[in-house]
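Hi,

Here is the structure I said I'd pass on. Have a look at it first, then read on for what turned up.

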Amino acid sequence: MDGKTLHARAHDFALTLPFSDIYWPFGPEYDVFTVEGKIFMLKTCLRGEAILNLKVDPEQSLLHQAIYPHIKPGYHMNKKHWISVYPGPEITEDLLNSLIEDSWNLVVNKLPKRVQHRVRPS
């Protein structure tokens, strides 16, 4: 998947998740996707290359990095809890959607139970 497609598909899919919003608290070059005000995805370009930062389970992070050459520790984020996804041939739409959905779920899991019940569809 090339950079333009990576950004477009990630943007479109992230906004399909319940209660997802997009903000620009760090400036117009950073698209910040949140659920209930908590960040689950950051979309930007690094030295002209598309990049996505996603929240991840620490064990899954190591597994993803071992399997996929274009998934690396989170750029400018906590390397244990965030990954960066770069354009690459092994980054498929299904993989991308799965990573984004996992990130969204990790954030929702940390919300109060009453908020989780409202945000997460039954």
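Below is what I found, going from the overall fold down to a few single residues.

First, a caveat: this is a predicted model.

**Overall fold**

The protein has four helices and six strands. Reading from the N terminus, the order of elements is α-β-β-β-β-α-β-β-α-α. Its radius of gyration is 14 Å, close to the 14 Å that the globule rule gives for 122 residues, so the protein is as compact as a globular protein of that length. If you want a feel for the dimensions, the C-alpha trace spans about 40 × 30 × 25 Å along its principal axes. Of the 122 residues, 44% count as buried. As for how the chain folds back on itself, take the contacts between residues at least 6 apart in sequence: 48% of them join residues at least 24 apart.

**The core**

The largest nonpolar core holds 29 residues, and the ones touching the most other members are Leu6, Phe40, Met41, Val85 and Ile100. At least two core residues come from each of α1 (3–14), β2 (31–35), β3, β4, β6 (82–85), α3 (93–109) and α4 (113–119). Which element supplies the largest share of this core? That is α3, with seven residues.

**The pocket**

You'll probably want to look at the largest pocket too. Its volume is about 190 Å³. Around it sit Phe26, Tyr30, Ile39, Leu42, Thr44, Cys45, Leu46, Ile51, Asn53, Tyr75, His76 and Met77. Two elements, β3 (38–46) and β4 (49–55), each give two or more residues to that lining, and β3 has the largest share with five. Sorted by class, the lining has nine nonpolar and three polar residues, and no charged ones.

**Two buried residues**

Thr44 is worth finding on screen, as it is one of the residues lining that pocket. Thr44 is part of strand β3. Is this residue buried or exposed? With a relative accessibility of 9%, Thr44 is under the 20% cut-off and so counts as buried. Leaving out residues up to four places away in sequence, Thr44 touches His7, Glu29, Tyr30, Glu49, Ala50 and Ile51. Among these, Tyr30 and Ile51 also appear in the pocket lining.

Leu95 belongs to helix α3, the element with the largest share of the core. Leu95 is buried as well, with a relative accessible area of 12%. With residues up to four places away in sequence again left out, Leu95 touches Tyr68, Ile71 and Glu90. Leu95 and Thr44 are 51 residues apart along the chain, and their C-alpha atoms are separated by 19 Å.

**Two backbone oddities**

Last, a couple of loop residues to check. Phe19 is not a glycine, yet it has a positive phi of about 60°. Phe19 lies in the loop between α1 and β1 (20–23), and it is partly exposed, with a relative accessible area of 41%.

Glu36 is the other one: it is a residue other than glycine with a positive phi, near 55°. Where does Glu36 lie? Glu36 is in the loop between β2 and β3. Its relative accessible area is 32%, which makes Glu36 partly exposed.

Cheers

Conventions: Residues numbered from 1 in each chain as written. Predicted model: local features only at pLDDT ≥ 70, side-chain atom pairs only at ≥ 80, totals over all residues. Heavy atoms only, no water. 1 Å grid on protein atoms, 1.4 Å probe; cavity = no way out; pocket = protein on both sides within 12 Å on 5 of 7 lines; lining within 4 Å. Points joined across faces, edges and corners; volume = space filled by probe spheres on them. Nonpolar A, V, L, I, M, F, W, Y, C, P; charged D, E, K, R; others polar. Core = buried A, V, L, I, M, F, W, Y, C linked by side-chain atoms within 4.5 Å. Buried < 20%, exposed > 50% of the residue type's maximum accessible area, 1.4 Å probe, protein only. Rg over C-alpha atoms; globule rule 2.2 N^0.38 Å. Contact = heavy atoms within 4.5 Å.
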